[in-house]
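Student: I have a new structure open on my screen, and I would like to learn how to read it. Could you take me through it step by step?

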Amino acid sequence: MEIILLERVEKLGAIGDVVTVKDGYARNFLLPNKKALRANEANRKVFEANRARIESDNAERRTVAQAESGNVEGRSVILIRASSNAGQLYGSVSVRDIVDALVADGAKVTKSMVVLERPIKTIGVYDVKVALHPEVSVLVKVNVARSPDEAEQQAQGVDVLKQMFEDEAAPTGFTEAFDPNAEPGEIPADMIEEAANEGGDEA
C-alpha cells in the first residue's frame, strides 16, 4: 500500500514522503495511529493544504520532547525477578514493566515510547530505547536481577551469570585436600600413616 507519512517513521521516511509498505502494517499501525494517510489523490491535496501546519505542530512537539529528554536519558531502573539457576526469568520483562518503573522514578513516558524489540527473558543490564518523539530518542538502563545486591553488582559491571557458572564449576570436597606443591610438614598426618601401611602390606 502507498501512504503519505505525517511524521518521521524510522526506516521509512520523513513527513510528506510517499512510501510503499505492507498492507497489514499500514492498516494495523500507521493509519490508526495517524502516522500516515493513504496515498490517493484526495489525501495528497489535503496533505499539501495542511503541510505547513503539520510541520509546525511536529516542530513544536519535537522541541517539547528535546526539553524532556534530559529528564529521561541515562536513567537506570532496577527490576527484581525470580529466575532459574541459569538466569532464565520465570516469565519476562515487558514494556509495561519498564514504563511503570520509569514513571515511578519520575520519568514522563508512555508505553508507545518504549522500543523493546523482544521481551527480556534473562537477568542482566539492558540498554532500552525510549522514543520521546519520532526525531528524539534516548537510552535508559534496565537492570534485571534476582536481588538488590545482585543488581548492585551488575551496575558495577559484574557479569553475575558468568560468575555463577564459574562458582558451579569450581572443584569441591576432598579434591582440594591434597596440594602436590605443599611442604612435607603440610601433608595431613592421616594420609602419611595410610601410605606407610600400604607400603608394609606390599612387603
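Tutor: Gladly; we will go from the whole chain to single residues. Keep in mind that this is a predicted model.

Student: Let's begin with the overview. How many helices and strands does the chain have?

Tutor: The chain has six helices and nine strands. It has 203 residues, and 30% of them count as buried. Its accessible surface comes to about 13,100 Å², with 50% of that belonging to carbon and sulfur atoms.

Student: And what share of the contacts comes from residues 24 or more positions apart?

Tutor: If we take the contacts with a separation of 6 or more, residues 24 or more positions apart account for 51% of them.

Student: Now a helix, please. Where is the kink in helix α2 centred?

Tutor: Helix α2 covers residues 41–72, and its kink of about 60° is centred on N50. Just after the helix comes G74, which has a positive phi near 80°.

Student: How should I think about the directions in which helix residues point?

Tutor: Here is the general idea: an α-helix has 3.6 residues a turn, so residues three or four places apart point the same way. With that in mind, look at the buried residues of α2: N43, F47, I54, N58, A65, E68, S69 and V72.

Student: Which strands do the buried residues of α2 pack against?

Tutor: They pack against four strands: β1 (2–5), β3 (36–38), β8 (124–133) and β9 (136–145).

Student: Can we follow one residue from a strand back to that helix? Is H133 buried or exposed?

Tutor: H133 sits in strand β8. It counts as buried because its relative accessibility is 4%, under the 20% cut-off. The side chain of H133 makes a polar contact of 3.0 Å with that of N58. Leaving out residues up to four places away in sequence, H133 touches N58, R61, R62 and A65. Two of these, N58 and A65, are also on the list of buried residues of α2.

Student: How does β8 pair with other strands?

Tutor: One partner is β9: the two strands pair in the antiparallel sense over nine bridges. They form a hairpin, with two residues between them. In β9, V136 is the bridge partner of H133. Strand β8 is also joined to β6 (residues 114–115) by two bridges, again antiparallel. There, V115 of β6 has K129 of β8 as its bridge partner.

Student: What is the general idea for side chains in a strand?

Tutor: In a regular strand, the side chains alternate between the two faces of the sheet. For a case to look at here, try V144 in strand β9. V144 counts as buried because its relative accessibility is 0%.

Student: Which residues is V144 in contact with?

Tutor: Setting aside neighbours within four places in sequence, the contacts of V144 are L79, R81, L89, V93, I120, T122, I123, G124, Y126 and Q154. Take I123 from that list: V144 and I123 are 21 residues apart in sequence, yet 4.9 Å apart in space, C-alpha to C-alpha.

Student: Next, aromatic rings. How is a pair of them described?

Tutor: By the distance of the centres and the angle of the planes. This structure holds one aromatic pair. The ring centres of Y25 and F29 are 5.7 Å apart and their planes lie at 10°, so the pair is stacked. The cut-off behind that word is an angle under 30 degrees.

Student: Where do Y25 and F29 lie?

Tutor: Both are in helix α1 (residues 23–30), four residues apart, which is about one turn of the helix. Y25 is partly exposed, at 34% relative accessibility. F29 is partly exposed too, with a relative accessible area of 34%.

Student: Last topic: the backbone. Which loop holds K11?

Tutor: K11 is found in the loop between β1 and β2 (18–20). Its phi is positive, near 70°, although K11 is a residue other than glycine. K11 counts as exposed because its relative accessibility is 82%.

Student: And what is the phi of K34?

Tutor: About 55°, again positive in a residue that is not a glycine. K34 lies in the loop between α1 and β3. At 66% relative accessibility, K34 counts as exposed.

Methods: Residues are numbered from 1 along each chain as its sequence is written. Side-chain values use heavy atoms; hydrogens and water are left out. The bend at a residue is the angle between axes fitted to the seven residues ending there and the seven starting there. Buried means under 20% relative accessible area, exposed over 50%, partly exposed in between (1.4 Å probe, protein chains only). Contact means heavy atoms within 4.5 Å. Rings of Phe, Tyr and Trp (its six-membered ring) pair if their centres lie within 6.5 Å; planes under 30 degrees apart count as stacked, over 60 as edge-to-face and the rest as tilted. A polar contact is a pair of N or O atoms within 3.5 Å; within protein, one must be able to donate a hydrogen and the other to accept it, and residues adjacent in sequence count only if both atoms are side-chain atoms. Two strands pair if DSSP finds at least two bridges between them. Accessible areas come from the Shrake-Rupley method with a 1.4 Å probe; for residues, only the protein chains shown count as cover.
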